[in-house]
Amino acid sequence: MTLIDTADAYHRDADEVGHNETLIAKALASHDRGADVLVATKGGHLRPGDGSWTLDGSPRHLKAACEASLRRLGVEAIGLYQFHRPDPRVPYAESVGAIRDLLDEGKIRMAGISNANPEQIRQAGDILGGRLVSVQNQFSPAFRSSEPELRLCDELGIAFLPWSPLGGISRAGELGSSHAPFARIAEAHGVGPQRVCLAWMLAKSPVVVPIPGASRPETIRDSAAAVDLTLTPEELAELDGA
Ligand SMILES: NC(=O)c1ccc[n+]([C@@H]2O[C@H](COP(=O)([O-])OP(=O)(O)OC[C@H]3O[C@@H](n4cnc5c(N)ncnc54)[C@H](OP(=O)(O)O)[C@@H]3O)[C@@H](O)[C@H]2O)c1
């Protein structure tokens, strides 16, 4: 695995913005192949500390947030910077325009967007002058409504990063689960349903890069093994309907 996804908003309390970025920078600095890892971070979401998520897609905020992420990650340019979520109070073109400026200024090496619909993907591609490299949307067995965005990314040749890709999978083995085929096919292959889920996604298009979360080494190692699991066309068709 050569990609780590994070965000300045991945923290708990209001006074610890960028907590996860700081941990990642520390971990990569202590690893001999840390420099080979692409760190994808985001700006535009905030966590005031009461458990809620708020938005600020203003260019002023995005530029300041990017500077702060740069400092925490300890790099001269961020590998992939993603606009976290459209802010209804700010025209989308203005938010994405700030990301374009960051690219032009060399503060970020690649630009992406997240939680975007097909119209916003096309608009961002235009504003960035063809330099949009990725779209990160929720997509999992339990959440399939991003399939049109996945297809559009395939057509445009840009990466599609399914977030919370394992949604619904932990209950696939339960009686009456609509995701039961994931558990059945997993058993047939002698692996866990999470691995089958990721293999199913990866088979959808070469542009698909799932970003499974993990708090244990065992789970992330298991997920990484999904690249070596090949499912048959019949299995994939069954999972499409499951
Ligand atoms: N752009 C956005 O708005 C947005 C929103 C939400 C999330 N995200 C991104 O999506 C990433 C993943 O989302 P997520 O963590 O919410 O959901 P997830 O990846 O769907 O699920 C994570 C859970 O699955 C378990 N798991 C992972 N791999 C497994 C395996 N191979 N076998 C068994 N269990 C496995 C983990 O267990 P353990 O913890 O026990 O390892 C954890 O409980 C986040 O880290 C974040 O980068 C982005």
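How close do the axes of helix H4 (residues 118-127) and helix H5 (residues 147-156) come, and at what angle do they cross? The structure examined here is a predicted model, in which local features need pLDDT of at least 70 and side-chain atom pairs count only at pLDDT 80 or more, whereas totals for chains, interfaces and linings use all residues. Residues are numbered from 1 along each chain as its sequence is written, and side-chain values use heavy atoms, with hydrogens and water left out.

The axes of H4 and H5 come within 9 Å, and the crossing angle is roughly 30 degrees. Here, axes are lines fitted to C-alpha atoms, for helices over the stretch in contact, with angles running from 0 to 180 degrees between N-to-C directions. Helices (H or I, at least four residues) and strands (E, at least two) are DSSP runs, numbered from the N terminus. H4 and H5 are therefore roughly parallel to each other; angles under 35 degrees count as roughly parallel, over 145 as roughly antiparallel, 65 to 115 as roughly perpendicular and the rest as oblique. On the H4 side, Pro-118, Ile-121 and Arg-122 make the contact, and on the H5 side Pro-148, Glu-149, Leu-152, Glu-155 and Leu-156 do, where contact means heavy atoms within 4.5 Å. These residues divide into 5 nonpolar, no polar and 3 charged (Ala, Val, Leu, Ile, Met, Phe, Trp, Tyr, Cys and Pro count as nonpolar, Asp, Glu, Lys and Arg as charged, and the others, Gly among them, as polar).

Leading into H5, Ser-146 sits in the loop that follows strand S7 (132-138). Ser-146 has a relative accessible area of 5% and is therefore buried (buried means under 20% relative accessible area, exposed over 50%, partly exposed in between, with a 1.4 Å probe and protein chains only). Residues up to four places away in sequence aside, Ser-146 touches Asn-137, Gln-138, Phe-139 and Phe-160.

A second helix pair involves H6 (residues 180-189) and H9 (233-240). The axes of H6 and H9 also come within 9 Å, crossing at roughly 155 degrees, so these two helices are roughly antiparallel to each other. Pro-181, Phe-182, Arg-184, Ile-185 and His-189 of H6 meet Glu-235, Glu-238 and Leu-239 of H9. By class, this contact has 4 nonpolar, 1 polar and 3 charged residues. The buried residues of H6 are Pro-181, Phe-182, Ala-183, Ile-185 and Ala-186, and they pack against helix H7 (193-202) as well as H9. After H6 comes Gly-190, with a positive phi near 70 degrees.

The loops flanking these helices can be described too. Gly-168 lies between strand S8 (159-163) and H6 and, at 30% relative accessibility, counts as partly exposed. Neighbours within four places in sequence aside, Gly-168 is in contact with Ala-142 and His-179. From Gly-168 to Ile-4 the C-alpha separation is 22 Å, with their positions 164 residues apart in sequence. Thr-232, in the loop between helix H8 (217-224) and H9, is likewise partly exposed, at 33% relative accessibility. Its C-alpha atom is 46 Å from that of Glu-105, 127 residues apart along the chain.

Finally, the unreviewed UniProt entry annotates residues 1-241 as "domain: NADP-dependent oxidoreductase"; such annotations may be inferred rather than shown by experiment. Over residues 1-241, the chain is 39% helix and 16% strand, with the end C-alpha atoms 29 Å apart.
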